[in-house]
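Student: Hi, have you got a few minutes to go through this one with me? I have a handful of quick questions.

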Amino acid sequence: MKQWRQISVQENSEKVTGNMKTKLITREGYDKLKTELDFLWREERPEVTKKVTWAASLGDRSENADYQYNKKRLREIDRRIRYLTKCLEQLRIVDYSPQQDGKVFFGAWVEVENDDGDIKRFRIVGYDEIFGRKDYISIDSPMARALLKKEVGDSLVVTTPAGDATWYVNEIDYGK
């Protein structure tokens, strides 16, 4: 019975790990998150803390909109600071290596084209870098997974909820 339970736990932990985001980031992405953390911790949070202190000194906090809003904003800042601190500790920076030339790996700018002539250009990056950028895709996306280790001229089939799509690699670049 013990053997069965151990195997079951191992299988479950592998399933959970498989669904989690890959903890990789480019140097630029890491620097951007670090800058955001420094800004929140050194500038934004002290400013909001002063506003909360000032609003609290006015008296009745239950009907004080300044106090309530800034207290809520302070919680949002603290939540983001905790998230960024945890992320930056766990993320592994992946720098460019000359051995990557000619093949698609993490950090590559890739241009692909489908049978209809639709051309897309994007960079394969970590999960925490894709927000606010339409030209970045996560390493965990079906397209990125299908592109890994491909060369210019290779074709790939991407399985999506809408069905399978065939794409062709036109260009691979590691510096924009």
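Student: Is lysine 51 buried, exposed or partly exposed?

Tutor: Lysine 51 is partly exposed, with a relative accessible area of 37%. Buried stands for under 20% relative accessible area, exposed for over 50%, and partly exposed for in between (1.4 Å probe, protein chains only). Keep in mind that this is a predicted model, in which local features need pLDDT of at least 70 and side-chain atom pairs count only at pLDDT 80 or more, while totals for chains, interfaces and linings use all residues. Residues are numbered from 1 along each chain as its sequence is written, and side-chain values use heavy atoms, with hydrogens and water left out.

Student: Thanks! Which residue forms a salt bridge with lysine 51?

Tutor: That's glutamate 47, with the closest N and O atoms 3.6 Å apart. A salt bridge here is a side-chain nitrogen of Lys or Arg within 4 Å of a carboxyl oxygen of Asp or Glu. The two residues are four apart in helix 2, so about one helical turn separates them. Glutamate 47 is partly exposed too, at 46%. Helices (H or I, at least four residues) and strands (E, at least two) are DSSP runs, numbered from the N terminus.

Student: How many salt bridges does that rule give?

Tutor: Twelve. One of them joins the side chains of aspartate 78 and arginine 45, at 2.5 Å from N to O. Aspartate 78 belongs to helix 3 (residues 65-90) and arginine 45 to helix 2, so this pair ties together parts that are 33 residues apart in sequence. There is also a network of salt bridges linking Glu44, Arg73 and Glu76.

Student: What does the side chain of threonine 49 reach?

Tutor: The backbone oxygen of arginine 45, at 2.7 Å. This is a polar contact: a pair of N or O atoms within 3.5 Å; within protein, one must be able to donate a hydrogen and the other to accept it, and residues adjacent in sequence count only if both atoms are side-chain atoms. Threonine 49 lies in helix 2 (residues 27-57), and its C-alpha is 9.5 Å from that of arginine 73, 24 residues apart in sequence.

Student: Let's switch to the sheet. What order do the strands have?

Tutor: The open sheet of five strands runs 5-4-3-7-6, with mixed pairing. Strand 5 and strand 6 (155-160) are at the edges with a single partner strand each, so one side of each has no neighbour in the sheet. Two strands pair if DSSP finds at least two bridges between them.

Student: And which strands pair with strand 3 in the antiparallel sense?

Tutor: Strand 4, over five bridges, and strand 7 (residues 163-173), over six. Glutamate 111 has arginine 121 as its bridge partner in strand 4, and valine 110 has isoleucine 172 in strand 7. Strand 3 (residues 109-114) is mostly covered, with five of its six residues buried.

Student: Arginine 121 again: which side chain does it meet in a salt bridge?

Tutor: Aspartate 173, at 3.9 Å from N to O. Arginine 121 is in strand 4 and aspartate 173 in strand 7, so the pair ties together parts 52 residues apart in sequence.

Student: Last one: how do strand 4 and strand 5 run?

Tutor: They run parallel, joined by three bridges. One bridge pairs valine 125 with serine 138 in strand 5.
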